Amino acid sequence: MPSSNPRILSPDGQPLIDYTMPVEEGGTLTLLCETIGGEPLPRLTWWKGSGKTLIDSSTEYVDSKGKVVRNRLVMKNMQRNHHGEKLSCKSSNTNLTASPSTSLNVEMICKFGSSNFAS
């Protein structure tokens, strides 16, 4: 039996839809993926791009009695080329059922060097 669709949350537990919270260039992006239910309890994994590149598979079982499963993704030293990158969290507990997933895009705040203009 599959789990619920994964939810992607900010570190303080706020649901994120379509985009991450803005991340400053050189900063760290932290996201939580959470799902409820599934038999057996699912494994949550993070993927980037078209879903062919696994970037994190460290599932953390938060509450086995309430069947809440969570995976925390931490990406350090974020750069301009991460802007618009698709990140997906996939829930899987067996090869026999569909694996629900949820995606969003990275939103970056790019630093611009100071410039001196002659007047």
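Where in the chain is Asn77 placed? Asn77 lies in the loop between β8 (68-75) and β9 (86-92).

## How far to trust the model

Before going further, please keep in mind that this is a predicted model. Across the chain the mean pLDDT is 87, with 91% of the residues at 70 or more. Confidence is highest in strand β1 (residues 7-9), at 97, and lowest in strand β7 (residues 60-63), where the mean is 79.

One stretch deserves a separate word as you look at the picture. Residues 114-119 have a pLDDT below 50, and apart from near neighbours in sequence this stretch makes zero contacts in the model.

## Backbone angles to look at

Let us go back to Asn77, in the loop between β8 and β9. Asn77 is not a glycine, yet its phi is positive, at about 55°. Asp18 is another non-glycine residue with a positive phi, in this case about 75°. Asp18 is found in a strand, β2 (residues 18-19). With a relative accessibility of 48%, Asp18 counts as partly exposed, because that class lies between buried, under 20%, and exposed, over 50%.

A further backbone feature is found at Pro40. The peptide bond leading from Glu39 to Pro40 is cis, and its omega is near 0°. If you want to find Pro40 in the structure, look in the loop that runs between β4 (29-36) and β5 (43-48).

## The five-stranded sheet

Strand β2, the home of Asp18, also belongs to an open sheet of five strands. The order of this sheet is β2-β10-β9-β5-β6, and its pairing is mixed. At the edges stand β2 and β6 (53-56). Each of these two has a single partner strand, so one side of each is left without a neighbour in the sheet.

Strands of a sheet pair through backbone hydrogen bonds, and the pairing can be parallel or antiparallel. Here, β5 and β6 run antiparallel and are joined by three bridges. If you would like a pair of residues to pick out there, Trp46 has Asp56 of β6 as its bridge partner.

## A buried threonine in β4

Is Thr30 buried or exposed? Thr30, which is found in strand β4, has a relative accessible area of 17%. Thr30 is therefore buried, since the cut-off for that class is under 20%.

Which residues is Thr30 in contact with, leaving aside its neighbours within four places in sequence? Thr30 is in contact with Pro11 and Met21, and also with Arg72, Leu73 and Val74.

Methods:
Residues numbered from 1 in each chain as written. Predicted model: local features only at pLDDT ≥ 70, side-chain atom pairs only at ≥ 80, totals over all residues. Heavy atoms only, no water. Helix = DSSP H or I, 4+ residues; strand = E, 2+ residues; numbered from the N terminus. Buried < 20%, exposed > 50% of the residue type's maximum accessible area, 1.4 Å probe, protein only. pLDDT = per-residue confidence, 0-100. Contact = heavy atoms within 4.5 Å. Pairing = 2+ DSSP bridges.
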